[in-house]
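Q: I am new to this structure. Please take a close look at one part of it, and stay with that part until its surroundings become clear.

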Protein chains: 2
Amino acid sequence: MTALNAARPLIIATCARPSPCGGCEARKVGFCAPLDEEALHAVASAGERRTFEPRQSLFNQGDPATHAFILHEGTARLTHLLPDGRQAAVGLRFGGDVLGFTTEPTHHLAAEALTMVSACRIDRHRLDHLLSQHPLLERHFLELCTRELAATQDHLVALGQFTAEERVAAFLISLIEAQECRGQHGPTYDVPVTRADVGELLGLTLETVSRAVSAFRRRGWLRARGVHEIEILDRNALASLAIGERQEDQ
Amino acid sequence: MTALNAARPLIIATCARPSPCGGCEARKVGFCAPLDEEALHAVASAGERRTFEPRQSLFNQGDPATHAFILHEGTARLTHLLPDGRQAAVGLRFGGDVLGFTTEPTHHLAAEALTMVSACRIDRHRLDHLLSQHPLLERHFLELCTRELAATQDHLVALGQFTAEERVAAFLISLIEAQECRGQHGPTYDVPVTRADVGELLGLTLETVSRAVSAFRRRGWLRARGVHEIEILDRNALASLAIGERQEDQ
DNA sequence: CGGCACTTTGATCGTGGTCAATAAGTGTGG
DNA sequence: CCACACTTATTGACCACGATCAAAGTGCCG
């Protein structure tokens, strides 16, 4: 058993990562981070800026995959609907992430805004062309995709092996980390999703999610500040659950 | 509810896909498919061919990610070990797939051979260099990564929403499809994994996997031919479970 | 204030986990 | 070739975690 693995919580969330370079807001994170001027301009002019209301969909499952989206502001989630009506959420996406970039002719997932979202909608063919024109851009896409894959694999491990409380803890920790990556610090974080949304992300019912949060609150690990805001009181306790160290204590 | 979604089973398996081009065996599928002569030669000479016994590991969780592997022959699996000893499997990988290609300094997953495996081990820096030299190669990597992501998302949906029998059915169907992609046809397929392995892939115990297979056998959906070989008798029944149409019938 | 969506909590049930015993393969050496 | 050890698979009995069903409770917006 190779014990010393750098354990990390499930990441439903942060695929794009911050980069040290400064400049305009949109460039600090993810997609726009290390691109040269030319590529940046090419992408901006090839795409079309759009905004979406909360719960509005960027694209639906089954839609022809004619466009990809680059998320600038806000939070979105990717969902999959099963033939019998069950719905699963595959992850959350934030500023800097790319959505709907697929090799298949139709979107296999739907993308839905959770908050106000501003995104750049770009034609797939034009994007492919841009990728072959700008090696840096293509490299950047490969890196984003690799990270997104790693995050999805973490999520998969969590759904395969974690208990309900571990999953909820992992969700909270990765939500926090996503916000810290984007400059939101302090013990208070906002939770832009309902209990039902969290349930769909974690393969749990909304009641089970609620019970887990209540249990954390009862143990003094967190406190509710308004409905969609939480204050973390014992991050270590949550983090320990979130990486899959079984709780021996109470 | 956009009903007409092209439903597909969970794919723990096939990321590389066959390509129409002929030529040497290694080129028919996945990694080596559409590469130009030059890139192909460059990769072959930069990497080092290695073979692995069943249950031998290509790399371990926590190892420095100094090399990536291109799988030529055989089946491998990617696993993650939790601090408390629980183990999860993230997927199976076959000929043409790339393993251990990560942006992080260490491998977060382990890769283990299930059958005899022949793979090409290549230094990460040299690979990065090759990628920037050969746009076709980089494009190919991006495509593989995108497919692997889609497969992992399917897997995730299955672990989030499927019952035990649905998961096992989905596993069998995707195993079959992976073999058909690689030229193995006929109603008989081999299952290069133990019940415990399947359990780790599906977030189930080995007993539950065994019960599901027994149930399928009892219903006349399949028959065991030797230990690691099954004959599919009613593929439609399995496929229906595998895409998440709830079984009304017994 | 009413209406509505979301959350919390409780009671009960069922799927799948756990523990255990047996059976069936698989490989090794006598 | 069989005996033996060992791994893997099957099946059963029981139990627990989380789903389901149900009913308050809470916050938000018109």
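**The face between two domains**

A: In chain A, 11 residues of domain 1 are in contact with 8 residues of domain 2. Contact means that the C-beta atoms of two residues, placed from the backbone, lie within 7 Å. This is a predicted model: local features need pLDDT of at least 70, side-chain atom pairs count only at pLDDT 80 or more, and totals for chains, interfaces and linings use all residues. Residues are numbered from 1 along each chain as its sequence is written, while chains are lettered from A and ligands numbered from 1 in the order in which they are written.

Domain 1 of chain A spans 25–155, and domain 2 spans 162–242. These bounds come from an automatic or database domain assignment. The C-alpha centres of the two domains lie 25 Å apart. On the domain 1 side of chain A, two elements give two or more residues each to the face that touches domain 2: β4 (76–81) and β5 (87–93). Strands here are DSSP runs of E with at least two residues, helices are runs of H or I with at least four, and both are numbered from the N terminus. The largest share of that face, 3 residues, comes from β5(A). Its residues divide into 5 nonpolar, 5 polar and 1 charged. Nonpolar covers Ala, Val, Leu, Ile, Met, Phe, Trp, Tyr, Cys and Pro; charged covers Asp, Glu, Lys and Arg; the others, Gly among them, are polar.

Now look at the two strands themselves. β4(A) and β5(A) pair in the antiparallel sense over 6 bridges. Strands pair if DSSP finds at least two bridges between them. One of the bridges joins A:Ala76 to A:Arg93 in β5(A). The strands form a hairpin with 5 residues between them. In the turn, A:Gly85 has a positive phi of about 105°. β5(A) is largely enclosed by the rest of the structure, because 6 of its 7 residues are buried. A buried residue has 20 or more other C-beta atoms within 10 Å of its own; an exposed one has 12 or fewer, and a partly exposed one falls in between, with C-beta atoms placed from the backbone. Across chain A, 50% of the 250 residues count as buried.

The hairpin strands also take part in the contact with chain B. That contact takes 49 residues from chain A and 49 from chain B. On the chain A side, β4, β5 and α3 (135–161) each supply at least two residues. α3(A) gives the largest share, 20 residues. The residues of this side divide into 21 nonpolar, 19 polar and 9 charged. The copies meet through the same surface, because 100% of the interface residues of chain A are also interface residues in chain B.

How do the copies relate? A rotation of 180° with 0.0 Å of shift along its axis superposes chain A on chain B, with an RMSD of 0.0 Å. The two copies are thus related as by a two-fold rotation axis. The fit is by least squares on the C-alpha atoms of residues with pLDDT of at least 70 in both copies.

One last step back, to the whole of chain A. Its secondary structure comes to 7 helices and 11 strands. Among its contacts between residues at least 6 apart in sequence, 74% join residues at least 24 apart.
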